[in-house]
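Student: Could you please take one single part of this model and examine it closely for me? I should then like to see how the rest of the chain compares as a setting for it.

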Amino acid sequence: MPHSSSLSVSNLTFTWPDGDPVFDALSAIFPSGTTGLIGSNGAGKSTLLRLLAGDLAPQHGSITIPGVLGYLRQDIALDPGLPVDSVLAIGSVREALHRIESGTSTEDDFAIVGSGWDVEERALALLDKLGLGSVVGSIEDLDRRVGTLSGGEAMLLALTAQLLAEPDVLLLDEPTNNLDHVARERLYAAVDWYAGVSIVCTHDLELLERVDSIAEVRAERSGISRLRMFGGNFQHYRAVVDAEQNAARASIRDAKNDVRKQERELIDTRIKLDRRLRYGKKMEEQKREPKIVMGQRKRSAQESAGKLRGTHTDRVDDARSSLSTAEELLRDDREIRVDLPATRIHPGQVVATHEDVHIVGPERIALIGPNGSGKTTLLRSLDATGAEVPWKYLPQRLDVFEEDRTVADNVADVAPHATAEQIRGQLARFLFRGSDADAVVRTLSGGERLRAALARILLAEPAPKLLMLDEPTNNLDIASRQHLIDALGTFEGALIIASHDRPFLDAISPTRTIDLGSFTAETTEEPSREESM
């Protein structure tokens with residue numbers, strides 16, 4: 001792989017055609033090594049990658065790319081009818097090589113081949129390095145159709161195509177989405193040995209722990225997104241942010257105390273001035289001093305009072321300004337808070353029985369296995385056949401709404417006996433507060449859709465005692481991922497979750513793991529007699 005110096009962005013300004021601003025005078029340097037690009041859904045991460053790749057043009061500023069650029073887009077879709085060599089962009093070179101070898105070539109064929117005489121061998125070596133040697137292990141296999149590969153294999157093939165061009169800069173947008181464990185490990189390895197400038201937009205915590213630096217895109221209240229660089233991996237980034245947030249909370253406490261102190265002193269000053277005013281008025285009424293003396297005393301008192309009142313007012317304003325500044329440094333780390341006692345499952349209670357799966361009690365089952373092993377099929381079968389308790393199924397696409405209605409309306413549809421006030425009160429616990437509950441579903445971001453979907457299924461009547469979730473963390477930013485963990489932490493029923501996200505599965509503490517790839521079930525916690533299969 002080539003060695004590059006750095007990618008630089010200078011005074012980059014970009015606004016969407018509808019006038020919605022994204023970046024204003026953004027400057028940054030991305031060094032050699034891997035940079036993890038993180039931020040909330042909608043903050044502008046993918047937009048930044050598209051600007052770097054040249055898919056979008058900034059209104060102002062410049063981007064300096066040190067050489068050849070490779071770009072793997074999010075959720076790339078390959079034509080299943082394409083041959084592998086076409087995806088690798090070596091099809092025309094192979095055809096020219098074959099004509100040269102058969103003696104039917106023209107001068108144009110030598111120009112097409114150029115220095116690529118070993119292109120087939122290099123392609124096969126790279127495919128093997130990415131773990132695709134078992135499916136594309138020979139020159140003949142380069143003629144295979146993409147449709148014969150699994151989803152994970154097709155994604156790794158697309159990554160191979162980028163790496164085969166030997167880019168100096170490699171941009172990856174959510175590369176691990178929908179990849180099984182094996183495919184993820186292969187992608188992690190590729191990121192590790194790539195030696196150029198690599199920028200990886202991802203919410204995959206395992207991948208973020210392997211990066212050399214973190215770039216955080218964060219939207220401000222103005223709507224403009226800023227970029228901040230952190231040295232080290234995600235764990236180091238969290239340590240820095242946590243320390244800053246602790247300092248910000250301490251600053252807020254100090255600023256609030258100062259505001260209260262300055263407000264008390266202002267009140268005390270006003271009381272003293274009022275007393276002086278009453279005393280002066282009394283002396284004037286009793287005419288105990290000459291009029292000229294009383295006039296001078298009155299003017300002097302007014303000037304003194306004005307200065308004193310102004311000084312304390314300024315101090316109060318300064319204290320409030322300091323408080324506002326400190327509060328701006330505090331991140332909005334809101335958490336979902338849900339109390340769902342109606343979802344409780346008692347030990348020994350039969351929840352669902354379906355062929356190979358028997359659920360008893362408040363089990364938390366992690367459903368794992370490679371792509372194509374049948375995780376989604378099993379969840380859909382359970383959803384179709386039903387369970388012995390109220391249940392809800394949350395598909396990957398989160399298509400459980402009437403898209404043109406509001407969040408509140410969608411929840412009201414499944415909770416007909418709840419009042420509007422009760423629904424809004426519950427939605428507030430899912431972070432849909434005030435007018436947020438009136439947002440039309442089709443306008444929501446990925447994280448907001450997840451929270452709305454959770455609210456719709458958890459607040460339904462009757463309350464679900466079994467939840468089946470299919471890859472719920474796909475496309476979720478880190479904050480939304482934590483919101484999901486928080487919500488599931490309060491759920492007292494049974495869970496079946498299909499996921500490739502190992503840190504997420506660890507966080508929800510599964511009591512049982514079913515690996516459909518090996519057709520074995522591993523129990524992480526010794527079940528009681530009633531809970532055994």
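Tutor: Among contacts in the protein between residues at least 6 apart in sequence, 71% join residues at least 24 apart; a contact here means heavy atoms within 4.5 Å. The model is a predicted one, in which local features need pLDDT of at least 70 and side-chain atom pairs count only at pLDDT 80 or more, while totals for chains, interfaces and linings use all residues. Residues are numbered from 1 along each chain as its sequence is written, and side-chain values use heavy atoms, with hydrogens and water left out.

The protein has 533 residues, and 44% of them count as buried (under 20% relative accessible area; exposed is over 50%, and partly exposed lies in between, with a 1.4 Å probe and protein chains only). It contains 16 helices and 17 strands, which are DSSP runs numbered from the N terminus: H or I of at least four residues for a helix, E of at least two for a strand.

The part chosen for a close look is helix α6, which runs over residues 151-164. Its 14 residues reach 20 Å from the first C-alpha to the last, close to the 20 Å expected at 1.5 Å a residue; that expected span is 1.5 Å times one less than the number of residues. Twelve of the 14 residues in α6 are buried, and the helix is thus mostly covered. Where do the buried residues of α6 fall? At the beginning of the helix they include Gly152, Glu153, Ala154 and Met155. Leu156, Leu157, Ala158, Leu159, Thr160 and Ala161 are buried as well, as are Leu163 and Leu164. An α-helix has 3.6 residues a turn, so residues three or four places apart point the same way. What covers these buried residues includes pieces from before α6 and after it in the numbering: β5 (69-72), α2 (84-87) and α5 (119-129), together with β6 (169-173) and α7 (181-193). The helix is followed by Glu166, whose phi is positive, near 50°.

Glu166 leads to other details of the backbone. Most residues other than glycine have a negative phi, and most peptide bonds are trans. Asn11, in strand β1 (residues 6-15), has a positive phi near 50°. Because its relative accessibility is 44%, Asn11 counts as partly exposed. Ala25 belongs to strand β2 (residues 21-31), and its phi is about 55°, again positive although the residue is not a glycine. Ala25 counts as partly exposed because its relative accessibility is 42%. As for the peptide bonds, the one from Glu461 to Pro462 is cis, with omega near -5°. Pro462 sits in the loop between α14 (446-458) and β14 (466-470).

Three further residues illustrate links between distant positions in the sequence. Thr34, in strand β3 (residues 33-39), counts as buried because its relative accessibility is 4%. Its C-alpha is separated by 8.1 Å from that of Gly196, which is 162 residues away along the chain. Leaving aside neighbours within four places in sequence, Thr34 is in contact with Val191, Ser198, Val200, Val211, Asp212 and Ser213.

Leu382 is part of helix α11 (residues 375-385) and is buried, since its relative accessible area is 3%. With neighbours within four places set aside, its contacts are His354, Trp391, Met468 and Ile496. Ser373 belongs to the loop between β12 (364-368) and α11, and its relative accessible area of 22% makes Ser373 partly exposed. Not counting residues up to four places away in sequence, Ser373 touches Leu516 and Gly517. Ser373 and Gly517 are 144 residues apart in sequence, yet 5.7 Å apart from C-alpha to C-alpha.

Finally, the structure holds one cavity of 30 Å³ or more; on a 1 Å grid over the protein atoms alone, a cavity is a set of points where a 1.4 Å probe fits but cannot get out, and lining residues have an atom within 4 Å of a point. The volume of the largest cavity is about 150 Å³, counted as the space filled by probe spheres set on the points, which are joined across faces, edges and corners. Its lining has 14 residues, of which Arg184, His203, Asp204, Thr473 and Asp501 lie nearest the centre.

Methods: 1 Å grid on protein atoms, 1.4 Å probe; cavity = no way out; pocket = protein on both sides within 12 Å on 5 of 7 lines; lining within 4 Å.
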